[in-house]
Amino acid sequence: MLDTLGIALIGCGTVGGGVADVLLRHGDRLAARAGRSLALRRVVVRDPAKLRDVPVPADIVSTDHAAAIHDPAVHVVVELMGGTTTAKKVVLDALAAGKHVVTANKALLAEAGHEIFEAARRAERAVCFEAAVAGGVPIIRALGESLAANQVTAIQGILNGTSNFILTAMAERGMTYAAALAEAQRLGYAEADPTLDVDGSDAAHKLAILAQIAFGVTAKPTDISRQGIDTLDAMDIRFADELGYTIKLLAEAWTSGTRNAEPGVRNEKQPDSSGSALRTPHSALGVALHVAPVLLRHTDLLAQVRGAYNAVLVRGDVVGETLYQGPGAGRGPTASSVLADLIDLAVGRAQRTFAAAQLWSKASKGFAIEPPERVRSRFYLRLLVADKPGVLADVTRILADEQISISSVVQHEAAESGGSPVPLVIVTHAAETGRFKLALAKINRLATAAAPAVFFSMGD
Ligand SMILES: NC(=O)c1ccc[n+]([C@@H]2O[C@H](COP(=O)([O-])OP(=O)(O)OC[C@H]3O[C@@H](n4cnc5c(N)ncnc54)[C@H](OP(=O)(O)O)[C@@H]3O)[C@@H](O)[C@H]2O)c1
């Protein structure tokens, strides 16, 4: 048997506590899977006096990052403290000291991935991060290893369990956004400050990581067009439902022309039997990225993902469509992914995969990020307008001026919204986002517009 793999945990909270617990209680199982023992040598926390529900031996707990990193008996530094300042220093110091790194910190990778991965390549060490996206769902391995023969053409992810919990409560129990959020907080699915979850930032961090693996594009989370669910009105969930759609907060990346390809026609998602999908051209393609509430048909697999679960649908040019689903956060699921990375490092697989993948390197895979205004989509547009003759004609003329054709129009009765103004729901055929937004600005300036227009893109 190989020598023991020595581990330092930096952070022993929700996730770190879960990792320590399994290392301490299931050492034999892990050793059998890894072919060598995994030993918890050091635990670094902010407050060593804090009572913990994991029986970590007191003599290995400290506040001293440097001592843990430079301990010759430590081979892997597991960063589970969160944040991007001290965490970045810990990770870079660990790599410089010749240690492998495991992290669940999506914010850190999304913001400083390039610097961290260059440092790892220089040090000839690996950085593993299965837990950083979708918690217990093995999406990093799926993209980086299991689907390695494919060119991914599209990723659609429900990557934030808090938002999905809120949307499910609004859709299935008719709750308002505020009531659904309060319930999520009471049940521990949402933080006291839920901003990063509900405004799409957390999903954008995760999408930046997935886009890097699948397309080799480096997107800063701030470069990703982002709309959260925090301004969602229950009225739109109801109107979408009447049209046969469910609203989900999706993090999406797709190559040019693979979404809403033909006006009003569903995408061909599976390679056909002649193998034509295997010849999908993908040189110098644009990759569209966004996080937004999207209308999905009720029958779509992702529309059926309920509650706090995460799911990622990946389309590859060889495999067709694959779906990964599971718990996206929490102690056990996230620790499970961190421990899988530790076993991979113990076996020696992670080092080889890391070197081959060249993540966050300057080498281009032939993809570039598509400017958001160039992205084509069908749109759901909901207006609140004065109940007067000629209003619909004004709106359709503005849309026509921007070359946007309409698929359907539903005017809801005034009584439904408690009198004038009335809601008007328009579904468009595929149009460029830039042109759609120009039209929207003109519609909002109409004297008959009683409130700013609300719009969402459609997933089909
Ligand atoms: N929670 C999840 O479900 C989940 C899921 C996926 C990814 N993640 C990611 O995993 C990471 C950890 O999250 P978490 O939920 O486990 O956080 P947490 O419960 O707040 O735990 C953070 C831990 O880090 C320690 N810590 C904080 N600042 C420190 C410092 N300067 N030096 C040393 N230790 C410090 C804390 O020490 P004390 O215990 O002494 O306060 C605590 O043990 C984050 O990057 C998060 O985004 C979390």
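Where does Glu124 lie? In this predicted model, Glu124 is placed in the loop between α5 and β6. Although Glu124 is not a glycine, its phi is positive, at about 55°. Only 11 other C-beta atoms are found within 10 Å of Glu124, and a residue with 12 or fewer such neighbours is classed as exposed, so Glu124 is exposed.

The two elements that flank this loop belong to a set of parallel strands and helices, in which strand β5 (residues 100–103) takes part in two pairings, one with β4 and one with β6. Strand β4 (residues 76–79) and β5 run parallel and are joined by four bridges, and within this pairing Val77 has Val101 of β5 as its bridge partner. Between these two strands the chain passes through helix α4 (residues 86–96), and the resulting β-α-β crossover is right-handed. The pairing of β5 with strand β6 (residues 127–128) is likewise in the parallel sense and rests on two bridges, with Val101 standing opposite Val127 of β6. Here, too, the connection is a right-handed β-α-β unit, made by β5, helix α5 (residues 106–123) and β6. Val101 therefore has a partner in β4 as well as a residue opposite in β6, following the definition of strand pairing by bridges. Strand β5 is covered on both of its faces, since His100 and Val102 on one side are buried, as are Val101 and Thr103 on the other.

With respect to the ligand, 23 residues surround the molecule, and the closest are Gly11, Gly13, Val45, Gly82 and Ala329. Helix α1 (residues 14–25) provides the largest share of this shell, contributing three residues. When the shell is sorted by class, 10 residues are nonpolar, 10 are polar and three are charged.

At the level of the whole chain, three domains are assigned: domain 1 comprises 5–136 + 333–357, domain 2 comprises 140–327, and domain 3 comprises 375–458. Contacts between domain 2 and domain 3 involve 15 residues of the former and 17 residues of the latter. On the side of domain 2 that touches domain 3, α11 (234–242) and β10 (285–297) each supply at least two residues, and β10 gives the most, with five residues. The composition of this side of domain 2 by class is 11 nonpolar, two polar and two charged residues.

Two further loop residues can be set beside Glu124. Gln151 is located in the loop between α6 (139–146) and β7 (152–158), and because 20 C-beta neighbours lie inside 10 Å, Gln151 counts as buried. The C-alpha atoms of Gln151 and Val318 are separated by 7.6 Å, although the two residues are 167 residues apart along the chain. Gln358, in turn, is found in the loop between α13 (349–357) and β13 (367–369). Gln358 is not a glycine, yet it has a positive phi of about 50°. Because Gln358 has 13 C-beta neighbours inside 10 Å, it counts as partly exposed, whereas Glu124, with 11 other C-beta atoms within 10 Å, is exposed.

Methods. Residues are numbered from 1 along each chain as its sequence is written. This is a predicted model: local features need pLDDT of at least 70, side-chain atom pairs count only at pLDDT 80 or more; totals for chains, interfaces and linings use all residues. A residue is near a molecule or strand if its C-beta atom, placed from the backbone, lies within 6 Å of it. Ala, Val, Leu, Ile, Met, Phe, Trp, Tyr, Cys and Pro count as nonpolar, Asp, Glu, Lys and Arg as charged, and the others, Gly among them, as polar. A crossover is right-handed if, with the strands pointing away from the viewer, the path from the first strand over the helix to the second runs clockwise. Domain bounds come from an automatic or database domain assignment. Two residues are in contact if their C-beta atoms, placed from the backbone, lie within 7 Å.
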